[in-house]
Amino acid sequence: MSDQSRPPRSAAGQRQAKPYRRPKKDPVRLLAFEALRAVDERDAYANLVLPPLLRKARQTEGFEARDAALATELVYGTLRRQGTYDAVIKACIDRPLGEVDPPVLDVLSLGAHQLLGTRIPTHAAVSASVELARVVLGDGRAKFVNAVLRKIAAHDLDGWLERVAPPYEEDAEEHLAVYHSHPRWVVSALWDALGGGRAGIEDLLEADNERPEVTLVARPGRSTTEELVEALGEDSALPGRWSPYAVRMAEGGEPGALEAVRDGRAGVQDEGSQLVAMALAAAPVEGRDERWLDGCAGPGGKAALLGALAAQRGAFLLASEKQPHRARLVERALAGNPGPYQVITADGTRPPWRPGSFDRVLMDVPCSGLGALRRRPEARWRRRPEDLEGFAPLQRALLREALSAVRVGGVVGYATCSPHLAETRVVVDDVLRGRGAGASPVDAELIDARPYVAGVPALGDGPDVQLWPHLHGTDAMYLALIRRTG
């Protein structure tokens, strides 16, 4: 080593320390980190946390649309692939994953996603993550982040999966759990609900990790798909796959910028949700068709579509929601509905209405939400198998009350945004057969729901309907139609 290449020495002969460099604040990565901390610390949902953070950031000079897109990708990509990245990080550290402070793990996960899940160059991904660590964690822990990310950068995603996932032949469920970043119990539950072999479950798990399209609904009698297409521009709009009221936003964008959405004449609603409301409205009832009930109406998407469909027939809609803040969302969604309606705050298990009051009843019950993992990827890590035991009594009680609320000859739609058998067919079967303490059989029959989900293929053997992200491009909505017979 030549004298010229050595660091300079002080008069006392000691090497001079490098001057301290203040870490650079990267607004995109700092925003993504803040969103992940909110999800972890407050059990918040990214789809609720991220929009206000982005709105605030857009007010900052220099924060552009591409910055918002990158921040969104970093947050959702990290949450979707959390299980895979945890396995990779675990292989690169000398301590149990649970002993790593959560903020440090969030920075590592953000870095892992940039290295393994994006096209960001390796040096840029590492340096940007280390700078973020210096800002939010301090220089000491930033060195740890740097060392771990350099280990992660040694292999691409496929290379890491070969190292951290067991072979499919040895442990199929754990292999799929690591490869596709789902908890093992969720893989098992989805596989049971889906049936079939390896290809189907892999397609489903991959679909759960894809970014979902933003789908709009033109509420009939209040807006049209033509209006939405014109507002978006033909290059930015795609027709719905199945619903005649749906328009897909091809370029993403902000739905709230559309006048029809701001006015409540249109809304954001997955096609699976639209199909459930449409199927209940299409199923035949015997006799009058004047009074409809949405018994779990919050936050109001299905109620708004049902209200619009009911108005076309001169029918009245009662929308009931237990939680006051969600009832206010229902009121907002139904405001301006062309037909008669009422929104009330009530518990569907102890309803204020009389038995046999309604011709059609929708009961979209609270559930695990395993059918909407594309939109709420953090839910897969938040839910536990025991959560289903908590939902089970409520789901059965709500379905029993729905069957009490409908008159003889009327129809009930039981819906969940979950394909888990314990929340779908098992609930319907138990209620109809009178299983459970103090329960008795109900005079009702299942209707084949498939003809009322018009034009949608691959609906199975019936009589109920299960939609799937990989087959239908929708959330995994479940629907059973039940006619009261006595």
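## Salt bridges and nonpolar cores

Arg326 and Glu321 form a salt bridge, with their closest N and O atoms 3.5 Å apart. The model is predicted. Its salt bridges come to 39 in total. Its largest nonpolar core holds 55 residues, and a second, separate core holds 39.

**The Arg326 pair**

- Arg326 is partly exposed, because its relative accessible area of 29% falls between the 20% and 50% cut-offs.
- Glu321 is buried, because its relative accessible area of 7% is under 20%.

**Salt bridges across the sequence**

- Glu73 pairs with Arg211, and the closest N and O atoms are 3.0 Å apart.
- Glu73 sits in helix 3, while Arg211 sits in the loop between helix 11 (198–208) and strand 1 (214–218), so this salt bridge ties together parts 138 residues apart in sequence.
- Arg211 is exposed, at a relative accessible area of 61%.
- Arg374 pairs with Asp270, with the closest N and O atoms at 3.4 Å.
- Arg374 lies in the loop between strand 8 (358–364) and helix 17 (379–382), and Asp270 in the loop between strand 4 (266–268) and helix 14 (271–282), so the pair links parts that are 104 residues apart in sequence.
- Both of these partners, Arg374 and Asp270, are buried.

**A salt-bridge network**

- Arg396, Asp429, Asp430, Arg433 and Arg435 belong to one network.
- Shared partners join the salt bridges of this network.

**The largest nonpolar core**

- Val75, Leu116, Val145 and Ile152 have the most contacts inside the 55-residue core.
- Eight elements each give two or more residues to this core: helix 1 (27–42), helix 2 (46–58), helix 3 (65–80), helix 4 (82–91), helix 5 (102–117), helix 6 (122–136), helix 7 (139–152) and helix 8 (157–164).
- Helix 1 is the top contributor, giving 9 residues.
- Helix 3 also carries Glu73, the salt-bridge partner of Arg211.

**Contacts of Leu116**

- Leaving aside residues up to four places away in sequence, Leu116 touches Tyr85, Val88, Ile152, His155, Asp156, Leu157 and Trp160.
- One of these contacts, Ile152, is itself among the core residues with the most contacts.

**The second core**

- The separate 39-residue core has Leu305, Ala315, Val343 and Leu459 among its members.

Key:
Residues are numbered from 1 along each chain as its sequence is written. This is a predicted model: local features need pLDDT of at least 70, side-chain atom pairs count only at pLDDT 80 or more; totals for chains, interfaces and linings use all residues. Side-chain values use heavy atoms; hydrogens and water are left out. A nonpolar core is a set of buried Ala, Val, Leu, Ile, Met, Phe, Trp, Tyr and Cys residues joined through side-chain atoms within 4.5 Å. Buried means under 20% relative accessible area, exposed over 50%, partly exposed in between (1.4 Å probe, protein chains only). Helices (H or I, at least four residues) and strands (E, at least two) are DSSP runs, numbered from the N terminus. Contact means heavy atoms within 4.5 Å. A salt bridge is a side-chain nitrogen of Lys or Arg within 4 Å of a carboxyl oxygen of Asp or Glu.
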